[in-house]
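Reader: I should like to examine this chain through a short series of questions. Please show the sequence and structure before we begin.

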Amino acid sequence: MHQFLPYAWFQGRCVPFEEAKVSVATHALHYGTGAFGGMRAIPDPSKPGGMLLFRAERHARRLSQSARLLLSELSEATVMDALVTMLRANRPAIPIYLRPFVYTSDLGIAPRLHNIETDFLIYGLELGDYLSPEGVSCRISSWTRQEDRSLPLRGKISGAYITSSLAKTEAVSSGFDEALLMNTRGKVSEASGMNLFIVRDGDLITPGVDQDILEGITRASVIELAKSMGLNVIERPVDKTELFIADEVFLTGTAAKITPIRQLESTVLSHQRPVMDALRQRLIAITEGRDEEFRHWVTRIELDR
């Protein structure tokens, strides 16, 4: 069972987590008409009484954009103010994961996005490693990643995650940790909830935004970080066979952080991952507020105010 934070942001205020409940008739519950985000926050290791949020403004902007895809308005300032209020109410002393969610809160039965009420909530839970830092085993899913012409994939639309759920369960049921999804053009898209990178001949390669991926914030951070470290970064289509002969293969995401793929189908991949290791160590330093060059990526929330 997850250990949830004692207070959630619900209907415009902080309430005990057990009281943050929606009706069984809630529109988003039936039609997937919601969009969510995910943020990590850790206690400031250098100064007690504060929490460090990684790229909080970028997450707030993406949630605001996701809301617009649902024909709703949610300002970045509203997201940030709610986050601060909720964190101060909970005063966490351990690493946590925050889940903001904008959704159609109306009790209607017609699948629509017009003339309908929306709301916004946030809850949190304790979270260590979502995936093993030692690496995961993956299979190629029999399910196909949706196309942007059928779903607005630039947002984290909750209804889109039925494919991720099917792919994840298929992978675990067949003895693997994770699933990799191909797009409708037969190219590698992403994992069930993470972006993918490979290293070949010193180049860092990742499927581009034209491959029906979610524009992951950790993905964007790794790309920018890699360029600052002098790596050649290429965004392009990736074929399935490239995964088997790549020098390194790893996943990125808010929950997963940077996680290596140790096995793909029946093929054991290389355990030597110098590029990924360098990126991971640098990202850890950034999230802990120890990297001056990227200090602007970290937002410190004072809990005592």
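The questions below move from the whole chain to a helix pair and then to single residues.

Reader: This is a predicted model. How many helices and strands does the chain have?

Author: The model is indeed predicted. Its secondary structure combines both kinds of element, and the count for the chain is seven helices and 17 strands.

Reader: What is the radius of gyration of the chain, and how does that value stand against the globule rule?

Author: For 305 residues the globule rule gives 19 Å, and the value for the chain is close to it, so the chain is as compact as a globular protein of that length. The C-alpha atoms fill a box of roughly 50 × 50 × 30 Å along the principal axes. The radius of gyration asked for is 19 Å.

Reader: What percentage of the residues count as buried?

Author: A residue counts as buried under 20% relative accessible area. The accessible surface of the chain comes to about 14,100 Å², with 52% of that surface belonging to carbon and sulfur atoms. Of the 305 residues, the share that counts as buried is 52%.

Reader: Are helices α5 and α7 roughly parallel or roughly perpendicular to each other?

Author: Helix α5 covers residues 217-228 and helix α7 covers residues 274-287; their axes lie 11 Å apart and the packing angle is about 110 degrees. Angles of 65 to 115 degrees count as roughly perpendicular. The two helices, α5 and α7, are therefore roughly perpendicular.

Reader: Which residues make the contact of α5 with α7?

Author: The residues of this contact divide into six nonpolar, two polar and one charged. From α5 come Thr218, Val222, Leu225, Ala226 and Ser228, and from α7 come Leu279, Arg282, Leu283 and Ile286.

Reader: Is serine 137 buried or exposed?

Author: Serine 137 lies in strand β8, residues 136-144. Beyond its neighbours within four places in sequence, serine 137 is in contact with Gly175, Phe176, Asp177, Glu178, Arg262 and Gln263. Its relative accessibility is 4%, and the cut-off is under 20%. Serine 137 therefore counts as buried.

Reader: What is the relative accessible area of serine 75?

Author: Serine 75 sits in the loop between α2 (56-69) and α3 (76-90). The residue is classed as partly exposed, because its relative accessible area is 36%.

Reader: How many Å apart in space are serine 75 and isoleucine 284?

Author: In sequence, 209 residues separate serine 75 from isoleucine 284. In space, taken C-alpha to C-alpha, the separation of serine 75 and isoleucine 284 is 29 Å.

Conventions:
Residues are numbered from 1 along each chain as its sequence is written. This is a predicted model: local features need pLDDT of at least 70, side-chain atom pairs count only at pLDDT 80 or more; totals for chains, interfaces and linings use all residues. Side-chain values use heavy atoms; hydrogens and water are left out. Axes are lines fitted to C-alpha atoms, for helices over the stretch in contact, and angles run from 0 to 180 degrees between N-to-C directions. Helices (H or I, at least four residues) and strands (E, at least two) are DSSP runs, numbered from the N terminus. Angles under 35 degrees count as roughly parallel, over 145 as roughly antiparallel, 65 to 115 as roughly perpendicular and the rest as oblique. Contact means heavy atoms within 4.5 Å. Ala, Val, Leu, Ile, Met, Phe, Trp, Tyr, Cys and Pro count as nonpolar, Asp, Glu, Lys and Arg as charged, and the others, Gly among them, as polar. The radius of gyration is taken over C-alpha atoms; the globule rule is 2.2 Å times the number of residues to the power 0.38. Buried means under 20% relative accessible area, exposed over 50%, partly exposed in between (1.4 Å probe, protein chains only). Accessible areas come from the Shrake-Rupley method with a 1.4 Å probe; for residues, only the protein chains shown count as cover.
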